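Visitor: I am new to this structure, and I would like to know the reason behind each label before I accept it. Could you take me through it step by step?

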Amino acid sequence: MKEASFYIDQMTCQACSSGIERALKRKSFCQDIQVHLLSKKAHIVYDENQTSLEDIFKLISKMGYEPHLDNSTLDKHSDSKHTSFSLNALIESFDNRFLSTQTKLIVSIAATLIVVVLSWSEMFVGISLPHTIHYTLLLVLSLVVMHMGRMFYLRGFKALFMKNPNMDSLIAISTSSAFLYSLQGAFNAHFHTYFDSVCVIITLVLVGKSIEERSKKDVLDSASLLLQLNQKTLQKIQIPHDTTLDIQTLSNAPCKAVSAQEIQKGDILKILPGEMIMVDSIMIEGHSSIDTSAINGESLPLLAHKNDRLFSGSINLDGVLYVRAEKNAQQSTLAQILQLVQKALEGKAPIASLADRVAAFFVPLVICLAAIAGAFWWGMRDFEFGLGIFIATLVISCPCALGLATPMAILHAQAISNKMGVFFKDARSFQSLSQITHIAFDKTGTLTQGLEISQILPFDERLTQQEIFNLAYTLESTSAHIIAQAFASHPMSANATLYPITNAQNIIGSGIKGTINDCEYLLGNAHLLPPHLKKELENLLQNDKIILYLATNEHILAQFALQDYIKSDAASTLAHFREKNISFSLISGDNLPNTQKIAQALGITDFSASAKPQDKMHLLEKLKANNHKVLMVGDGINDAPALAYAHTSIAFVSPQDIATQSADIIIYNQHLMSIYNAYSLAKASILNIKENLVFAFCYNIAFIPLAMGVLGGFGIFLHPMFCAFAMTCSSLSVVANAARLKTFKVS
């Protein structure tokens, strides 16, 4: 099986995307296909032995859509169409050159106004033109408007012939029927024509689609803000690798403009004020404030110092910086975040499946109902009246509202969460987070803000404290755990020596092993020590501390005591969740006294200490057995199994860990309140989606029967032009309701 991702243009409603999915899923070569309406991106898994991507593109093209791998591919495709000599290609070439979307809309509105005035002038003004002139003007102007909306006909009839009718099919059938019927007016001056209805319907739909597309673009641009952060060139310092790097040498060195994609690890870069740092780097020289809001949502700039780590996506505000690239562009933090954002934009929440199922039969059902209603009123009155009912029923139905209900809300929510420094890995995470009833917290790095080494207690007189620290620091240099950060931030690290190390092994939940100078060293908790050394621990245990032991297989060399501190916003965050009747557990690998101290300080009565990864799994299983939907909050490393098993999961991570997390949601700052804000946003998003779906269903259930004339006995009928207006308003109402999420306020 082979996987491929590509884009599909010309989709207008949920019936389009779901129709493409259904058509391809019926083929034996297709194992899976996902089509996202707003991002216009598709992902397919297919058997390359049965077909090729080119053949799949041909199949999609027959349905009236335009598949392409990327924008450059589309441009080439368009160019190839322009060079062909078919009539359709010539028309498209003319439109693309002279008729922009905005121009088409203006021409359509102007022509429609004239048609309406001509059609109703005699009735309201008493002015009439000779029949030939009057009819010719109506016919020509109607053809002009129909040409402005010609894509409705190309896409609509293609989709209809492929047995996957969509919204365009409804517009194409209704306006074509009205236009063909109106042609009889050429032979009968007193014959009623529907040219005004044809023009008004097409124009209203064009206006609605224009507003809708602009709203889609705005929310896509907002949700994918990080995707727009792109700097075409960077200033690379051209200097020999063995040159001493000081501010004078760097400022006088020549620079070369290169693209971010050309940057390699070790390159020296010059970052000017206002420029973005495009690759993860270490600051060499300079002095400036750094805006990291695009990465972690922090509103206040940070002052950068020499040897500070600077992450891609940060913006240099007020000084010239000289940095050394730590990674290339493809491996950088920004690239990893972009992948998360893109994946979330392309995903579907489970609640969206309802709209997909309805879209499968909605348009065919509407066509059948319209035909039945039209035939009924033809029999009851006359053909012209039945035709009006047929057109009204087709035009008033709105599959677009169903299709926009979920993705518009998710995209607005995604935009807000990104600004908070919270990244949902997929759309379904919004729904799963909104359903939680219990939260299981890891302690270190989640409820607590970090670790500091408070005491180093040597047991081997042959080793100095610095040598002991060097051994421990060397072992921790092979880990990205929060404990390793405590060693890296300790003052002794400035003078530390990193020894050559081999056979390094991280033992999850216990510690690290490694061979230094042909001797195996251990650094971890009591679980890591050989049985004969555990007997020596009785007099070494301390309360309220995280204890690590540095040992060989024969002796304990030293004890490290690490202190952690509760985050300043922990108590207020838990208080907010208590108001929502959500319960808590504290599951920590730390010792009992320290775990109990943190739990009591925060009022958590359910806590477990000295928990290994498998123990955390068992505790989550018990919670699940009690019908809890559990949110697991951890550090994304030792808690990986529990994060993957929970109903949903959140991890606070440092940027270098982001690609390896098992969590569904990544929080890129250290604010515990971000968990509550993410939960509140998820609840608001799902509520908004439900409101959109209810409105979309109620609109169609109420108005389609009215358009069919079910209240005709009371003299209540809907004019086709009103139906076009109502259909446009229904889509825009869903868009407007989703936009209310912009008012979401963080706590």
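Guide: Let us begin with a term: two strands are said to pair if DSSP finds at least two bridges between them. The model in front of you is a predicted one.

Visitor: How do you know that strand β20 and strand β21 pair?

Guide: Strand β20, residues 546-551, and strand β21, residues 556-566, are joined over six bridges in the antiparallel sense, and because pairing asks for at least two bridges, these strands count as a pair. One of the bridges links Ala 551 with its partner in β21, Ile 556.

Visitor: What is the order of the open sheet of six strands that holds β20 and β21, and which are its edge strands?

Guide: The order of that sheet is β16-β21-β20-β19-β18-β17, with antiparallel pairing. The edge strands are β16, residues 448-458, and β17, for each of them pairs on one side only. Neighbouring strands here are turned by 15° against each other on average, if direction is ignored. Helix α19, residues 465-476, lies across β16, β17, β18, β19, β20 and β21, and runs at about 110° to β18.

Visitor: Why is Asn 503 called exposed?

Guide: The relative accessible area of Asn 503 is 62%, and because exposed means over 50%, the label applies to this residue. Asn 503 lies in strand β17, residues 501-507, and its phi is near 55°, a positive value in a residue other than glycine.

Visitor: What makes Asp 518 exposed?

Guide: Asp 518 has a relative accessible area of 78%, which is over the 50% that the word requires, and it is therefore exposed. Asp 518 is found in the loop between β18, residues 511-516, and β19, and its phi, near 65°, is a positive value in a residue other than glycine.

Visitor: Is Asn 525 buried or exposed, and how do you know?

Guide: With a relative accessible area of 16%, Asn 525 falls under the 20% limit and therefore counts as buried. Asn 525 sits in the loop between β19, residues 519-524, and α21, residues 531-534. Leaving aside neighbours within four places in sequence, Asn 525 is in contact with Gly 509, Ser 510, Ile 547, Leu 548 and Tyr 549.

Visitor: Why do β6 and β11 stand at the edges of their sheet?

Guide: That open sheet of six strands has the order β6-β5-β7-β13-β8-β11, with antiparallel pairing. Strands β6 (255-258) and β11 (309-310) each have a single partner strand, so one side of each is left without a neighbour in the sheet. Within this sheet, β7 (residues 268-271) and β13 (residues 321-325) pair in the antiparallel sense over four bridges, and the bridge partner of Ile 268 in β13 is Arg 324.

Visitor: Why is helix α15 called roughly parallel to helix α27?

Guide: The axes of α15 (residues 383-396) and α27 (residues 720-739) come within 8 Å and cross at roughly 5°. Because angles under 35 degrees count as roughly parallel, α15 is given that description relative to α27. The contact is made by Gly 388, Ile 391, Ala 392, Val 395 and Ile 396 of α15, together with Pro 720, Cys 723, Ala 724, Ala 726 and Met 727 of α27. By class, the contact of α15 with α27 has nine nonpolar residues, one polar residue and no charged residues.

Visitor: What makes Cys 199 buried?

Guide: Cys 199 has a relative accessibility of 0%, under the 20% limit, and therefore counts as buried.

Note on methods. Residues are numbered from 1 along each chain as its sequence is written. This is a predicted model: local features need pLDDT of at least 70, side-chain atom pairs count only at pLDDT 80 or more; totals for chains, interfaces and linings use all residues. Side-chain values use heavy atoms; hydrogens and water are left out. Axes are lines fitted to C-alpha atoms, for helices over the stretch in contact, and angles run from 0 to 180 degrees between N-to-C directions. Angles under 35 degrees count as roughly parallel, over 145 as roughly antiparallel, 65 to 115 as roughly perpendicular and the rest as oblique. Contact means heavy atoms within 4.5 Å. Ala, Val, Leu, Ile, Met, Phe, Trp, Tyr, Cys and Pro count as nonpolar, Asp, Glu, Lys and Arg as charged, and the others, Gly among them, as polar. Buried means under 20% relative accessible area, exposed over 50%, partly exposed in between (1.4 Å probe, protein chains only).
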